[in-house]
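Okay, thanks everyone, I'll keep this quick. Let me put the structure up and then talk you through a couple of parts of it.

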Amino acid sequence: MSYTATYRLGTRLFWQDRAMLLASVVTPVGLSVGLPVLARHVTADGVAAATQLSQGMASILLSLTAFMNVAVALTTRRDQLVLKRLRATGLTDGQILSGQIASTATQTVILIVLCAVAVNLLADVPFPANPLVYAGAVVAGSVVLATLGVAYTAVIPRTELAAATTMPVFVVSAIAAGAMGPIREALPAWVGSVLDLLPTSAVVHALRTGEVALPALNLAVWAVVGVVAIRLWFRWEPRRS
Amino acid sequence: MTAIHVEEVRKRYGDFAAVNGISFEVAEGEIFALLGRNGAGKTTAIELLAGFQQPDGGTCRVLGLDPARDRAAVRRRTGIMLQEAGFFPDLTVAQTVDIWRDFTAAPRPRDEALELAGLVPKAGTRVRQLSGGERRRLDLALALLGRPDVLFLDEPTTGMDPEARRNTWDVIRDLARQGTTVLLTTHYLDEAQRLAASMAIMDRGEIVASGGIAETLAARSGRVAFRLPPGTAPDDLPLPVTLEGETAVCRAADPDLAAQTLLSWAAERGLRLAGLEVRTATLEDLFLDLSRSAR
């Protein structure tokens with residue numbers, strides 16, 4: 001019963017949904033491994049470029065595997081009235097959502113770690129200097145992004161629009177972390193400062209610098225934003241028209 | 001002991017009063033039917049009692065608890081068969097029951113739940129391939145998993161074939177015999193009559209008849225209609241009829257028996273009852289009666 005049951009359910013459905021796996025696993029893992037490997041072999045300062053890029057790629061996994069996946073999955077379940085049925089069980093609302101968040105976050109952490117191992121083997125990207133900070137940033141980032149994904153369902157009108165509605169978040173996070181090449185340098189400085197406030201940017205910053213305080217503060221603020229937004233606006237059923 | 005207590009409960013959606021000051025009580029172990037057409041407010045009433053919605057006014061109590069405030073506690077002791085709720089389409093029936101067992105404290109074994117709902121042959125079928133009636137039965141299996149003290153059934157047999165309906169009725173009766181309190185909504189008059197110890201009739205968010213009155217209304221809503229044979233007056237007939245144009249209409253609890261009486265009366269006199277029509281009561285007949293009696 002309780003958290004573990006919804007955690008297991010979330011995990012099972014994550015890996016069973018083949019259509020979603022392409023968007024939330026194959027694409028981000030392909031990019032996170034493929035681009036650093038490419039950079040390693042085509043640029044002059046290969047290892048440094050691959051390392052820089054690989055750290056930035058965490059933003060793609062966070063925004064696709066954690067944020068988009070949970071937003072699409074919960075919107076679908078909301079519109080199929082499965083969430084309503086889950087609420088008819090002995091589970092509390094908190095158990096349903098936190099089990100789902102924990103499950104999504106776990107899959108995200110696993111994929112980020114797998115990608116780190118892969119780029120180490122294939123592109124000589126060194127393992128993080130401070131594994132503890134690395135682990136903390138990845139876990140906290142995954143949980144916060146999954147929480148924000150749950151909150152984000154409130155603005156998604158219906159299932160067919162779910163993936164499209166989450167795309168801007170993915171694009172902006174990727175640009176902010178430099179995962180989409182040097183687009184960021186072409187933008188005005190103030191835009192860069194705003195982009196640094198994104199939770200994905202905070203995680204990438206922690207991965208690159210090993211810094212703890214600022215990223216932790218950033219993620220804590222976003223976590224509060226996510227939880228408050230869920231409490232205020234999360235919908236368990238589609239809107240009655 | 002009162003298991004369900006509803007007093008002057010109201011719920012509005014915008015300008016629309018879905019439930020407008022309803023009151024009723026259901027005793028422990030009783031089967032109570034809320035009878036009404038689509039849009040009468042039956043589903044809203046169930047959703048208020050199950051804690052899905054919060055009433056705008058009035059009092060709801062289930063097992064002495066406020067379902068909106070103590071939802072978790074109420075949920076642990078209730079089972080709900082929602083009229084509209086989804087399943088995971090790619091899971092099989094057995095997988096669905098297993099997952100729901102995971103969510104339930106001290107659940108029934110999977111096979112027992114499937115057996116109760118008559119779904120054993122469908123255990124390996126994916127939910128997306130089930131018929132409407134089979135989905136209702138899966139719904140019932142899930143509602144019964146936690147051996148609830150109170151069972152809310154929203155239109156439990158809609159879409160079921162006659163055999164499945166009868167089986168479902170048997171299951172509901174058995175549960176009530178074992179002490180489960182059942183609140184069911186239905187638009188089938190016969191379902192309410194066969195199952196429920198007491199009933200209330202809802203229309204446009206209000207209870208328009210309840211208790212003995214509702215039962216009496218439901219009981220006399222069977223209908224036998226025929227063209228009055230030439231040369232006969234309504235008073236000649238062995239049963240009281242009303243005239244609707246040239247058609248004589250006889251209302252009776254058992255329309256088959258009434259038709260037999262009328263036919264043998266006609267046969268003795270060598271008369272023919274042209275255009276004979278025998279119908280068991282429908283909710284529409286009942287509402288017609290209600291509006292007549294209101295006039």
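I'll go through the contact between the two chains and then one strand in chain B.

Just so we're clear, this is a predicted model. Right, the interface. Chain B puts in 25 residues and chain A also puts in 25. Together they bury about 2300 Å², and carbon and sulfur atoms account for 57% of that. On the chain B side, the residues losing the most area to chain A are B:Phe88, B:Asp102 and B:Phe103, which together make up 29% of what that side buries.

Now the polar part. There are four salt bridges across the interface. One of them joins B:Arg71 to A:Asp93, with the closest N and O atoms 2.6 Å apart. We also get nine residue pairs in polar contact, both partners at pLDDT 80 or more.

So which elements of chain B give two or more residues to the side touching chain A? Those are helix H2 (71-77), helix H3 (93-102) and helix H5 (132-144). H3(B) gives the largest share, four residues. By type, that side of chain B splits into 15 nonpolar, four polar and six charged residues.

Okay, over to strand S10 of chain B, residues 222-227. Five of its six residues are buried, so S10(B) is largely enclosed by the rest of the structure. Who are its neighbours? S10(B) pairs antiparallel with S12(B), residues 247-252, over six bridges, and there B:Gly222 has B:Ala252 as its bridge partner. S10(B) also runs antiparallel to S13(B), residues 277-279, with three bridges joining them; in that pairing, B:Ala225 is matched with B:Glu277.

That's me done, over to you.

Terms used: Residues are numbered from 1 along each chain as its sequence is written. Chains are lettered from A and ligands numbered from 1 in the order in which they are written. This is a predicted model: local features need pLDDT of at least 70, side-chain atom pairs count only at pLDDT 80 or more; totals for chains, interfaces and linings use all residues. Side-chain values use heavy atoms; hydrogens and water are left out. Contact means heavy atoms within 4.5 Å. Buried area is the accessible area (1.4 Å probe) that two parts lose on being put together, summed over both. A salt bridge is a side-chain nitrogen of Lys or Arg within 4 Å of a carboxyl oxygen of Asp or Glu. A polar contact is a pair of N or O atoms within 3.5 Å; within protein, one must be able to donate a hydrogen and the other to accept it, and residues adjacent in sequence count only if both atoms are side-chain atoms. Ala, Val, Leu, Ile, Met, Phe, Trp, Tyr, Cys and Pro count as nonpolar, Asp, Glu, Lys and Arg as charged, and the others, Gly among them, as polar. Buried means under 20% relative accessible area, exposed over 50%, partly exposed in between (1.4 Å probe, protein chains only). Two strands pair if DSSP finds at least two bridges between them.
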